[in-house]
Amino acid sequence: QLLPEFAQTSAKLFVGSKARQGSRRVIWKELKKYISDVQPDIIHTHLLSGDFAGYLAKKAFPKIKWISTQHNVEHKRPYIYRMIWKYILRKTDRVIAVSPAVERYAKQAFNIHSEKITMIPNGIDLSHWKNLNTDFLFDTTPYQLASIGRLEEQKGHTYIIDALGKLKKHRWEYHIFGDGSFQQKLLLQAKKLHIADRINFHGNVDDLPKRLEKIDLVIQPSLWEGMSLTVMEAMAAGRPVLATNVAAECLIEDEHTGYVVPSKDVGALQQAIANILSNIDVAKRVAKQGRKHAFLQFGIEKHIRVVKDVYMEATSKL
C-alpha cells in the first residue's frame with residue numbers, strides 16, 4: 001500500500017514478487033541488474049530476506065555500503081536462520097538496532113562489534129494520530145480492549161485470554177487486530193474459557209487510527225520485542241497502554257505514561273486490567289500523559305535525522 005506514496009516522489013522503484021517472477025532466484029537476477037543500472041551508494045536492508053539480498057549485493061558490488069537494520073530479538077527464530085544472520089552480517093558496513101534490547105542481542109548473538117552498530121530508536125508518523133478524538137475514553141460499557149500484532153507466540157495473546165477468562169464479572173469486549181498461525185488456537189482457548197462471544201478477530205486492517213478511536217485500553221502482552229511500534233502508536237492515539245516489561249522498555253514509565261507488568265504473568269495481567277477498569281479517572285490521566293510523552297519523543301523525524309547521519313558517515317568513506 002506504500003507504492004502510491006513512493007510514486008509521488010522521485011524514487012526509482014523495483015518491486016520483487018514471487019507471484020509475478022516465479023522465484024527468489026529470478027527476483028535476485030532482476031534486482032542485480034537493477035542495482036547495476038542505478039549504481040546506488042548505499043543498500044539498506046530489513047529482515048532476513050532483505051539482509052540476504054544485501055549480502056549478495058555486497059559480494060557483487062563491493063564498493064556499495066551495506067547497512068542492515070535489526071528490528072527484533074531473534075532468539076526464537078530457527079537456529080539455521082540465526083546462523084545465516086551471524087555469517088552474512090559480518091559483511092555489513094553498519095548495523096542499526098532499533099532498541100537497546102536489540103543492540104544487546106545483536107552484539108551477543110551475531111558478534112556485531114560495538115563500533116559497527118548504532119542504536120536508533122524507532123519513530124512513528126505522528127500525523128496519523130494527531131486528530132484522534134480522545135474525549136470519550138471509557139464513557140460507555142462494555143469497555144473496549146484491544147491488542148495489535150501478529151497472532152504468533154511472540155505477541156503473547158494466550159496470556160491475555162487467560163487473564164480475561166478470570167475477569168468475567170467485568171464488562172469488557174476484546175478486539176484482536178492482526179493475522180497469524182495462532183488464530184485457531186486462540187479461538188479454541190477462548191471457547192474453553194467461555195468468553196469467545198466477547199472476543200473479536202479483525203485480521204489486518206488499513207484504518208487502525210479510526211479503529212483505535214473506539215478502543216478504551218490497548219494491551220501489548222509480548223514475550224519479546226525490538227521496540228514496539230504498537231505501544232508507541234497507541235500512546236500517540238491517547239489510549240492507556242498496558243504492556244509487558246519487554247514491550248514497554250524505553251517507552252513507558254509505569255503508572256505515569258502507561259502500565260507495565262512482567263511477561264508471561266497471567267495473574268499480573270489480570271490484576272492490572274481489573275485495577276485499570278476500576279480506576280477510570282486514573283487511566284484517563286495516564287493516557288493523557290502517555291500521549292504527551294509520545295508527541296515529545298516518538299516522532300519519525302528524529303529517527304530519520306539519525307539514520308541520515310549514518311548514511312552521511314558511510315558515504316564519506318567512499
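Mentor: A salt bridge is a side-chain nitrogen of Lys or Arg within 4 Å of a carboxyl oxygen of Asp or Glu. Please keep in mind that the model before us is predicted.

Trainee: How many salt bridges does the count come to by this rule?

Mentor: The count comes to nine salt bridges. One pair is Asp 93 and Lys 58, whose closest N and O atoms are 2.8 Å apart. Asp 93 is placed in the loop between α5 (79-88) and β3 (94-97) and Lys 58 in helix α4 (residues 47-60), so this pair ties together parts 35 residues apart in sequence.

Trainee: Which partner of that pair is buried, and which is partly exposed?

Mentor: The cut-off for buried is under 20% relative accessible area, and exposed requires over 50%. Lys 58, at 14%, is therefore buried, while Asp 93, at 28%, counts as partly exposed.

Trainee: What parts of the chain does the salt bridge between Glu 153 and Lys 76 tie together?

Mentor: The N to O distance in the salt bridge of Glu 153 with Lys 76 is 3.8 Å. Glu 153 belongs to the loop between β5 (143-148) and α7 (157-165), and Lys 76 to the loop between β2 (65-70) and α5, so the pair links parts that are 77 residues apart in sequence. Glu 153 is partly exposed, with a relative accessible area of 38%; Lys 76 is partly exposed as well, at 47%.

Trainee: Where do Glu 225 and Lys 155 lie, and are they buried or exposed?

Mentor: These two residues form a salt bridge in which the closest N and O atoms are 2.7 Å apart. Glu 225 is found in the loop between β8 (217-220) and α10 (229-236), and Lys 155 in the loop between β5 and α7, so the pair ties together parts 70 residues apart in sequence. Glu 225 is buried, with a relative accessible area of 7%, and Lys 155 is buried too, at 11%.

Trainee: The loop of Glu 225 leads to α10. How many residues of α10 are buried?

Mentor: To read the setting of a helix, one may ask which of its residues are buried and what they pack against. In α10, six of the eight residues are buried, so the helix is largely enclosed by the rest of the structure. The buried residues are Thr 230, Val 231, Met 232, Ala 234, Met 235 and Ala 236.

Trainee: Which elements do the buried residues of α10 pack against, and what follows the helix?

Mentor: They pack against β5, β8, β9 (241-244), α9 (208-212), α11 (245-248) and α13 (280-297). After α10 comes Gly 238, which has a positive phi, near 80°.

Trainee: How should one read the chain as a whole?

Mentor: One may begin with its elements and then turn to its dimensions. The chain has 14 helices and 10 strands. Its radius of gyration is 21 Å, close to the 20 Å that the globule rule gives for 318 residues, so the chain is as compact as a globular protein of that length. The C-alpha trace spans about 65 × 40 × 40 Å along its principal axes.

Trainee: What share of the residues is buried, and what share of contacts joins residues at least 24 apart?

Mentor: Buried residues account for 46% of the 318 residues. Of the contacts between residues at least 6 apart in sequence, 69% join residues at least 24 apart.

Trainee: How many positive and negative side chains has the chain?

Mentor: There are 47 positive and 33 negative side chains, and the centres of the two sets lie 7 Å apart. The accessible surface comes to about 17,000 Å², with 52% belonging to carbon and sulfur atoms.

Technical notes:
Residues are numbered from 1 along each chain as its sequence is written. Side-chain values use heavy atoms; hydrogens and water are left out. Helices (H or I, at least four residues) and strands (E, at least two) are DSSP runs, numbered from the N terminus. The radius of gyration is taken over C-alpha atoms; the globule rule is 2.2 Å times the number of residues to the power 0.38. Buried means under 20% relative accessible area, exposed over 50%, partly exposed in between (1.4 Å probe, protein chains only). Contact means heavy atoms within 4.5 Å. Accessible areas come from the Shrake-Rupley method with a 1.4 Å probe; for residues, only the protein chains shown count as cover. Lys and Arg count as positive and Asp and Glu as negative; His and the chain ends are not counted. The place of a charge is taken as NZ of Lys, CZ of Arg, CG of Asp or CD of Glu.
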